[in-house]
Amino acid sequence: MKSYQHTAEPVTVADDSKARELLRGAFDSTYRWKPEFKGFRASLKVREAGKQTDGDVRVELPETITVSLSDGDTQKWAEGQIGMMAVHRGHRTFEQSDGRHTLGLGEDDGHPLGRLLLIQGDGMNSRYRILGKHIRQINRSMGPVRFTINVEDAMTTTDGRHLTTRYTVYYFNPQDGSIKQVDSITDDHAVVGGVYLPGTRRVISTESGEVRVRVMEFLEHQLL
């Protein structure tokens, strides 16, 4: 994993027009909900070995997530997962996102996951790998937490944009750089009224020598 690691120290870069063009191309090629989309509600099932928890969810944009499940720990986990979905798919412009920061290019090292792009000033020392018009890898540091996301697969929507279907998150120990936790996430999507909504999410988590598998299923979607 050495080639994926990076330090938490910021690197000073001047804004690079080529970096900006590269990231804008990837941003514009990524599926997001349209600004007029208000949200959705659905029935919700969360399954793992020997246990199923039923309830419902309501997502009201821009930021209200209401999850009702009978098990408190499962509900907290589902809220975090659905919150991440809403943030990543919510409408925003390039200028509201990474485009508001100073962008630069790292060395053209022929990396299999693409060209290294540096983001200066976001407070997380973010580093992306971009191949074609896809962001293939994301590196961030948030306080003592450092993680790498590798995007492994995506689907193409009817409007020609890509929507991630499989990715893996590696969390590193801040003391020695060893891997602390790995989450492997697989998404299927439901199309309702021309909108791509969560269908199922499977999360395989490895931590402290144990593997945990949870599947979250969205049913009976209704647009708000």
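**Close-up views of a predicted model**

**View 1. The hairpin of β1 and β2 and its turn.** Two residues lie between the strands of this hairpin, and one residue to look for is G50, with a positive phi near 75°. Strands here are DSSP runs of E with at least two residues, helices are runs of H or I with at least four, and both are numbered from the N terminus. β1 (residues 39-48) and β2 (residues 51-60) pair in the antiparallel sense over ten bridges; pairing requires that DSSP finds at least two bridges between the strands. G39 has E60 in β2 as its bridge partner.

As a guide to all the views, this is a predicted model, in which local features need pLDDT of at least 70, side-chain atom pairs count only at pLDDT 80 or more, and totals for chains, interfaces and linings use all residues. Residues are numbered from 1 along each chain as its sequence is written, and side-chain values use heavy atoms, with hydrogens and water left out.

**View 2. From β2 on to β3.** Three residues make the hairpin connection from β2 to β3. These two strands pair in the antiparallel sense over six bridges, with β3 covering residues 64-69. Look for V59, which stands opposite I65 in β3.

**View 3. Helix α2.** Residues 72-89 form this helix of 18 residues. Among its buried residues (under 20% relative accessible area, with a 1.4 Å probe and protein chains only) are W77, I82 and M85.

**View 4. I179 in strand β10.** I179 belongs to β10, residues 179-192. From I119 it is 60 residues apart in sequence and 24 Å apart in space, C-alpha to C-alpha.

Key:
Expected span 1.5 Å × (residues − 1). Buried < 20%, exposed > 50% of the residue type's maximum accessible area, 1.4 Å probe, protein only.
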